[in-house]
Amino acid sequence: MKYNPFSVSKFGVFNTCPKKFKLQYIDKIRIESEPQLALFRGSYAHEILEHNFDYNIPVTLNEVFTQEEADKVIDMIKKFRCTELGKNIDKLINHKNSIKEEDFAFDTKMNLVNFWNKSAWLRGSADLYNINISQPTIIDYKTGKDKSKDEDFGYEQGMMYAIYMFIRFPELKEITAVFVFVEHSTKKEILYTRDNFTSYIKLFYNKTKKIECTDIFKENISALCEYCDFNGTEWCTSYQENEEKTQDILYSKVSLDF
């Protein structure tokens with residue numbers, strides 16, 4: 001495979017814009033972008049949950065992520081912990097058989113390999129899982145928008161988790177991926193079964209082959225371009241140019257005849 005390793009987010013970049021995929025993962029062009037508060041907030045929330053709701057873990061502050069923002073995250077987690085969902089997550093975190101924060105990777109022969117191994121085909125990271133309970137479960141924490149009602153959300157990410165679980169635990173027949181939206185105390189559950197293991201593999205294999213067989217990575221001009229680090233740079237000005245053309249067309253259609 002030319003562009004190994006793959007991940008759900010990497011597939012997502014290609015689906016959003018093949019040109020961005022090429023710039024980011026093939027040409028490996030790095031653009032210095034403004035630090036995003038949401039990323040700092042999400043990272044700190046994960047740290048607290050990873051450390052059994054420890055609100056005193058060290059936190060790196062900067063001009064974007066201030067102590068005030070850190071306190072907001074702590075307050076958010078405290079409120080979440082008091083909800084029914086939060087209490088259940090608390091129990092799961094402290095369950096003797098639960099595993100927290102585990103990176104994983106596997107090759108095209110479905111062998112588990114080191115996360116940084118050159119033979120890795122697909123890789124990811126699990127926030128929390130436990131297969132020794134009545135309903136084997138793998139948890140992924142989410143901060144930001146509540147997408148618990150979004151039918152399409154999480155399907156492929158959960159599938160990646162399921163493949164890993166089925167490879168690592170041959171006796172496992174099914175696993176439920178649970179996406180927990182911490183700020184909203186909501187969740188979305190998706191059940192995956194070993195009976196569909198082959199179809200899960202095929203989906204990611206086909207995605208991989210599509211990328212591997214792509215010769216021309218065309219830009220996909222959309223509203224998302226506004227949030228792309230490459231937009232307006234020497235490597236990609238398509239959105240800016242298209243926006244100008246669109247405005248020209250709109251202005252040219254203006255009529256002063258009454």
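Guide: A pocket is an open set of grid points with protein on both sides within 12 Å along at least five of seven lines. Its volume is the space filled by probe spheres set on the points. The model here is predicted.

Visitor: How much space lies in the second largest pocket?
Guide: The volume counts the space filled by probe spheres on the grid points. For the second largest pocket, that gives about 300 Å³.

Visitor: Which element gives the most to the lining of the second largest pocket?
Guide: The lining has 14 residues. α5 (84–93), β3, β4 and β5 each supply at least two of them. With 5 residues, the top contributor is α5.

Visitor: Which residues lie nearest the centre of that second largest pocket?
Guide: By class, its lining has 7 nonpolar, 4 polar and 3 charged residues. Nearest the centre are Asn 88, Leu 92, Thr 137, Lys 187 and Glu 189.

Visitor: Why is strand β2 described as largely enclosed by the rest of the structure?
Guide: Buried means under 20% relative accessible area. Strand β2 spans residues 122–130. It is largely enclosed because the buried residues number 7 of the 9.

Visitor: In which sense do β1 and β2 pair, and over how many bridges?
Guide: β1 covers residues 99–106. One pairing puts Asp 103 opposite its bridge partner in β2, Ser 125. The two strands pair in the antiparallel sense, over 7 bridges.

Visitor: What is the bridge partner of Leu 128 in β3?
Guide: β3 covers residues 137–142 and runs antiparallel to β2, with 3 bridges joining them. The two strands form a hairpin with 6 residues between them. In β3, the partner of Leu 128 is Ile 139.

Visitor: Which residues does the cis peptide bond with omega of about -5° join?
Guide: One of the two sits in the segment before α1 (8–16), and that is Pro 5. The cis bond joins this proline to Asn 4, so to speak of the pair is to name Asn 4 and Pro 5.

Visitor: Is Asn 52 buried or exposed, and what is its relative accessible area?
Guide: Asn 52 lies in the loop between α3 (37–50) and α4 (67–81). Its phi is near 55°, a positive value in a residue other than glycine. Partly exposed falls between the 20% and 50% cut-offs. Asn 52 is partly exposed, at 29%.

Visitor: What is the relative accessible area of Ser 185?
Guide: Ser 185 sits in the loop between β4 (174–181) and β5 (186–193). Its phi is positive, about 55°, although it is not a glycine. Ser 185 is partly exposed, with a relative accessible area of 25%.

Conventions. Residues are numbered from 1 along each chain as its sequence is written. This is a predicted model: local features need pLDDT of at least 70, side-chain atom pairs count only at pLDDT 80 or more; totals for chains, interfaces and linings use all residues. Side-chain values use heavy atoms; hydrogens and water are left out. Buried means under 20% relative accessible area, exposed over 50%, partly exposed in between (1.4 Å probe, protein chains only). Helices (H or I, at least four residues) and strands (E, at least two) are DSSP runs, numbered from the N terminus. Two strands pair if DSSP finds at least two bridges between them. On a 1 Å grid over the protein atoms alone, a cavity is a set of points where a 1.4 Å probe fits but cannot get out, and a pocket is an open set with protein on both sides within 12 Å along at least five of seven lines; lining residues have an atom within 4 Å of a point. Ala, Val, Leu, Ile, Met, Phe, Trp, Tyr, Cys and Pro count as nonpolar, Asp, Glu, Lys and Arg as charged, and the others, Gly among them, as polar.
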